Structures are given as structure tokens and as C-alpha cells.
Amino acid sequence: MPTSWEKNMFPRDFAWGAGTAAYQIEGGWQADGKGPSIWDTFCLEKGRVFGEQNGDEACNSYELWEKDLECIQQLGLTHYRLSFSWARLLPDGTTRHVNQKGVQYYNKVIDDLLACDVSPMVTLYHFDLPQALQDQGGWKSAGTATLFNDYAKFCFQTFGDRVKLWITVNEPYVCAKLGHEDGLHAPGIKEPGVAAYLVGHNMLRAHAMAWHSYNSFYRTKQKGAVSLAINSDWLEASVAGCAEDVAATERQLAFTLGWFAWPVFVTGDYPKIMRSAIDAQSEKFGRSGGSRLPSFSKDEPAVLGTADFFALNYYTSRKVEAGGGCGEVLSMKSDRDARDVLDPSWPICGVSWLAVVPHGLRKLLKYIKDTFNNPAVYITENGFSQVGQLQIEDVQRSEFYKDTILEVAKAIQEDGVNVRGYFAWSLLDNFEWADGFSVRFGLFHVDFADARRGRTIYRSGREYAKIISKFQCGQSK
Ligand code: GBH
């Protein structure tokens with residue numbers, strides 16, 4: 001078992017990347033004809049975001065893109081994952097009106113990357129729905145999936161000659177659960193036990209339509225690959241061998257990873273235990289009117305098989321035990337009847353939800369290989385944040401990156417997982433959603449108190465650059 005770097009631990013063409021998302025870094029919220037998004041609206045309401053902060057300016061990457069490019073080069077990345085702001089390209093969400101200034105901005109980003117031999121991976125949707133579409137029902141409305149497909153086709157058509165790796169939607173779980181069940185993310189809807197399932201369904205439909213569009217109209221010419229990014233913790237039964245905990249772990253997995261991966265990679269439908277748990281709760285609550293979990297229509301393009309690779313966002317691991325199922329009201333929590341337990345041997349660092357468990361990633365990768373028929377996998381996000389007293393010499397985060405990347409190497413070498421790339425989250429400290437700027441995930445520190453938004457590499461950034469150079473040395477990207 002390797003405990004230190006060895007030659008050839010990673011394939012020659014392994015993608016070494018870092019990621020960002022439009023609303024988290026760009027700023028320029030009203031610049032050059034951009035339309036408002038649900039995050040612009042959400043941040044206007046008091047009490048939503050830490051310190052009433054917002055992404056109006058963020059890292060100002062809209063104006064300072066060239067600074068970001070310098071950071072990317074300093075790390076020696078082969079790939080950079082960014083997201084497009086839908087409302088910057090299509091201010092009212094539809095292709096009736098294209099904002100050419102937005103097109104110019106992303107064209108420049110893409111062209112500059114390619115000129116530096118860095119390949120872009122583009123996410124079409126990272127939490128920032130155009131407000132105009134929210135006003136028509138947002139992701140709860142079936143029509144949003146069709147409009148997403150139009151937007152996706154527009155992007156393939158406009159940028160697909162140069163972008164070869166596409167993510168349709170980032171973390172539909174988070175949009176559905178935090179945005180429509182808990183109300184902690186935009187659009188701030190709290191309709192527990194109902195809206196999230198509908199939203200998840202429409203996001204899967206949107207993804208599937210976009211994949212089929214690419215497959216039918218662009219793949220032959222553009223030769224790229226399309227997937228959706230699924231976030232998942234590694235889960236283990238709280239007490240190994242305890243039947244109740246094992247069953248709870250299976251339910252929890254079905255309601256998180258399975259919710260999106262089963263339809264796309266396994267059956268074309270939701271996990272059976274997810275549907276039966278939801279329907280059993282409905283019955284208990286005397287709710288009629290059909291399942292709260294929608295069904296896929298035979299008249300629409302199939303969702304099964306609509307991923308050219310597995311895109312995984314991994315941050316943390318959890319132990320799971322049964323419980324939570326006897327709530328007073330319908331909710332996803334009561335449907336799941338499973339709850340997380342933090343293992344005391346897994347240190348919590350930075351934000352409260354992030355127990356640092358690098359070996360959980362290796363186990364999850366093996367699980368993905370075994371469960372989803374050995375797909376090509378890109379780890380599209382992985383990282384660890386700082387909160388409070390800032391350290392540019394962030395030793396702990398440097399160690400975290402080393403440990404985690406070593407686990408990825410083991411997954412490749414010993415478990416035979418087909419991992420194609422690793423993207424650290426994030427290139428820059430940025431607007432961390434409801435946590436505002438209080439939580440820093442960057443490989444580069446950003447000085448938000450200064451209008452110039454200076455970027456300074458952390459020790460963890462230097463560590464990552466060192467690792468990349470070991471495996472990239474003398475190779476053409
Ligand atoms: C990613 O989600 C996002 O894609 C990215 O934009 C973000 O910057 C990054 O995480 C870091 O947070 O507050 O207890 O309800 C990661 C998956 C799922 C992790 C929701 C945080 C919230 C737990 N996230 N979870 S809680």
C-alpha cells in the first residue's frame with residue numbers, strides 16, 4: 001500500500017483541476033445586461049445569508065478574470081471547472097434574448113484557458129436560476145426543464161467547438177433539498193416532503209433532455225462528454241452489523257446518491273426503497289393523490305444512460321443510524337428515517353458539516369465502480385475550508401490534499417477504479433452560499449476587504465501545485 005508518491009501513480013492524461021461557480025466568484029451582478037438570478041433575489045432578504053452578505057461583487061472575476069488565469073497557471077492545472085451564469089447569457093432565461101456581452105466574457109475565458117493549454121470543464125447550472133424563470137414556477141415547473149434544454153443547446157452550439165467536458169446540473173440534491181425543503185438556499189422555499197422530489201425530478205428531466213440534445217446534434221462533431229455532478233458522502237452503519245443501522249444506511253444512500261444515480265446509471269427510475277419509504281409515509285399521514293415521488297414518462301427521452309462519465313462531488317463521511325421517521329409532519333427526514341452520526345475519530349474542520357475523512361473517498365470510489373458498472377469518474381469537487389482565524393500557512397489543509405490525493409491513487413492502483421481527474425474545490429475563496437464569505441475553501445486567499453480583491457496562494461495551493469508537477473513534469477497536457 002503506497003504511503004508516499006510513486007511514479008506512474010496517475011495516468012499520464014489525468015485531469016488536474018480546480019473548480020469555481022459563477023455566482024460564487026463573478027460579481028458583476030448587474031453588469032452589461034446580465035439578468036437577475038434567484039441568488040441575487042435571495043440575498044436581498046434579511047436573515048438569509050451570514051452577515052447579510054451577497055455575491056454582488058464576490059471575487060469580481062467578471063472584471064478580474066486574468067488574475068484567475070494567473071492563479072490557474074501558478075498551480076499548473078491541466079483543467080479548470082467553471083460554471084456559466086444562465087442569466088448572464090440569457091437574461092430572461094430564454095433564447096429569445098441573448099446577451100452578447102455575456103457570450104464575449106465566456107468566450108474570452110475559454111480562449112484564454114486554451115491558449116494556456118488548460119482545458120475547460122463547464123457546468124451549465126450551479127444553483128443560479130434566472131429569476132424570470134423562478135417567477136414562472138422555477139424548478140417546480142415542468143417547463144423549466146424544456147427551457148434548460150434550450151439553454152444547453154445554445155451553449156453547446158456557441159461554445160462546444162472548444163468545451164469538451166460538460167456538467168449539466170451541479171448537485172441536484174442540494175438544489176432540491178436546501179432550496180425547496182429546508183429553505184436554506186435560493187429560492188428559499190420550505191415545502192417539506194413535497195417540493196424537493198418534484199424539483200429533483202425536473203432537474204433529472206432537464207439533464208436527460210440536454211444529454212440527448214448533445215448526443216443527437218453535437219456529439220459527432222464536437223466529440224465531448226456530458227454528465228451531471230452528484231454529491232455524496234461516504235456512509236457507514238453506525239454500529240457495523242446492526243441490522244437497523246445497516247437498513248438506515250441503505251435508505252440514506254438511496255435518498256442521496258441513489259436518488260440521482262439510480263435513474264441515470266442503473267434502472268431509469270428511483271431506487272425502490274426510496275419510493276416505498278415515501279409512499280409508506282404518505283399512507284401513514286393519510287395523504288392521497290398519488291406518490292409524492294414523480295414517475296418518469298415513457299413519452300420523454302429516457303433518463304437511463306444519460307451520463308458519459310460519473311461526476312462526483314465528495315466532501316465528507318457519515319455514520320448512520322435509524323431515526324427521524326416519526327415526525328409530526330411529512331418531510332424528507334421522516335421519509336428517510338435515518339440520521340447522521342458524527343464519528344468522533346473523524347475531525348471536524350472548518351464548517352460544522354465537514355468531517356475530514358480522506359479514506360471515505362476511496363471507499364466511495366470503489367462503491368461507484370462496483371455499483372455503476374465501472375464508469376469513468378471525475379472527482380468534480382473535493383475540499384476543506386477554513387473558518388475564523390485565517391492562516392495563509394494552512395498546514396492542515398495541505399495535509400488534507402496530500403492524504404486525499406493519495407487515497408485517489410490507491411483507488412486507481414489497488415481498486416482499479418477508472419478515475420480520470422480530480423478537481424479541488426475551490427480555486428479561490430469565494431461566496432460560500434448561506435455562509436457568505438465566512439467560510440473559505442480557496443487554494444488562493446482573496447482579500448474581500450480590498451477593492452482590488454488581491455489573490456494570494458495558500459500553503460495548500462503550493463502543496464497542490466507540487467503534487468501536480470510531480471505527475472505532469474515534462475508531459476504535454
Ligand atoms: C458544494 O456542495 C457546492 O457545490 C459548492 O458550490 C460549495 O461551495 C461547496 O460545496 C462547499 O460547501 O448546512 O448542515 O445543511 C457540497 C455539498 C451539501 C455540503 C449540503 C454542505 C450542507 C449541510 N453540500 N451541505 S447543512
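This report describes a three-stranded sheet and the helices that lie across it in a predicted model.

## Basis of the description

The model is predicted, with local features requiring pLDDT of at least 70 and side-chain atom pairs counted only at pLDDT 80 or more, whereas totals for chains, interfaces and linings use all residues. Residues are numbered from 1 along each chain as its sequence is written, and side-chain values use heavy atoms, with hydrogens and water left out.

## Sheet order and pairing

An open sheet of 3 strands has the order β6-β8-β9, with mixed pairing. Its edge strands, each paired on one side only, are β6 (234-237) and β9 (338-341). On average, neighbouring strands of this sheet are turned by 40° against each other, direction ignored. Strands (E, at least two residues) and helices (H or I, at least four) are DSSP runs, numbered from the N terminus; two strands pair if DSSP finds at least two bridges between them.

Strands β6 and β8 run parallel and are joined by 4 bridges; here Ala237 stands opposite Val320 in β8. Strand β8 (residues 317-322) runs antiparallel to β9, also with 4 bridges. Across that pairing, Ala322 faces Ala338 in β9, and Lys319 stands opposite Val341 in β9.

## Helices across the sheet

Helix α10 (residues 243-266) lies across β6, β8 and β9, at about 120° to β8. Helix α13 (residues 358-371) lies across β6 and β8, at about 90° to β6. Contact means heavy atoms within 4.5 Å. Axes are lines fitted to C-alpha atoms, for helices over the stretch in contact, and angles run from 0 to 180 degrees between N-to-C directions.
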